[in-house]
Amino acid sequence: MATASTRNSAGQNSQRGFVYLPLIAGWLVPGLGHFLLRKWIRGALLAASVIGMFALGLLMKGKIYTGGQEILDLLGMAGDLGNGLLFLAARTFGWGAEHVQVTTADYGTKFIVVAGLLNVIAAVDAHNLRTGRKPL
Amino acid sequence: MSHPSHFAAVVLFALFASTVFGITQRETSQRMFRFGAYCFALFVGSAVVLSWVMYLIAR
């Protein structure tokens with residue numbers, strides 16, 4: 001059982017180091033920012049939500065935006081970039097590269113974009129926990 | 001699984017988005033759960049209501 005002193009010690013340990021580490025880690029790997037702050041359950045739920053949504057988007061034959069001239073494509077890519085290393089992996093392995101004209105593929109594309117946006121929200125939450133703006 | 005129904009897609013979307021909203025927008029576990037459930041109900045409920053509205057408009 002954790003005593004008050006060990007909890008304080010853990011809290012102090014989590015407050016050391018680079019202040020933006022949970023933000024960057026949480027962006028690159030969904031949930032990692034919360035794991036670094038010892039928020040295991042929250043981190044696991046966030047990781048499951050973001051990775052699950054991204055994977056479902058790909059399974060629905062969703063498209064990964066790769067930029068382009070149109071503003072909507074650029075905005076889509078900005079959302080996809082929120083997935084961090086998942087986006088990089090998708091680009092590397094060619095996931096979501098094929099363009100499929102079915103309704104569920106359109107849903108899948110939106111799932112991938114929203115997964116990236118949700119991951120950004122989660123990473124900012126980890127940063128707020130780290131800075132003390134939100135209580136641990 | 002790669003071709004879920006429209007309703008299944010809505011429910012999955014609502015489930016994942018509500019989980020993230022609940023955890024990030026509230027501070028205590030109980031309030032996180034309640035806010036997540038509230039968001040989930042609003043997502044699914046609004047989708048059902050708007051679907052009926054579009055169905056009635058299209059008739």
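Reader: How many salt bridges does the structure hold over all chains?
Author: There are 2 over all chains, a salt bridge being a side-chain nitrogen of Lys or Arg within 4 Å of a carboxyl oxygen of Asp or Glu. This is a predicted model, where local features need pLDDT of at least 70, side-chain atom pairs count only at pLDDT 80 or more, and totals for chains, interfaces and linings use all residues. Residues are numbered from 1 along each chain as its sequence is written, chains are lettered from A and ligands numbered from 1 in the order written, and side-chain values use heavy atoms, with hydrogens and water left out.

Reader: OK, which residue does Asp106(A) form a salt bridge with?
Author: Lys110(A), with the closest N and O atoms 3.1 Å apart. Both lie in helix H7 of chain A, 4 residues apart, about one turn. Helices here are DSSP runs (H or I, at least four residues; strands are E, at least two), numbered from the N terminus. An α-helix has 3.6 residues a turn, so residues three or four places apart point the same way.

Reader: What comes just after H7(A)?
Author: Gly132(A), which takes a positive phi of about 90 degrees.

Reader: Switching to the interface: how many salt bridges between chain B and chain A?
Author: The count there is 0. The two chains bury about 1,900 Å² between them, 79% of it on carbon and sulfur atoms; that is accessible area (1.4 Å probe) lost on being put together, summed over both.

Reader: Which element gives chain B's side its largest share?
Author: Helix H1 of chain B (residues 6-25), with 12 residues.

Reader: And how many residues are in contact?
Author: 19 of chain B with 22 of chain A, contact meaning heavy atoms within 4.5 Å.

Reader: What's the secondary structure of chain B?
Author: Chain B comes to 2 helices and 0 strands. Its C-alpha atoms fill a box of roughly 45 × 25 × 10 Å, along the principal axes.
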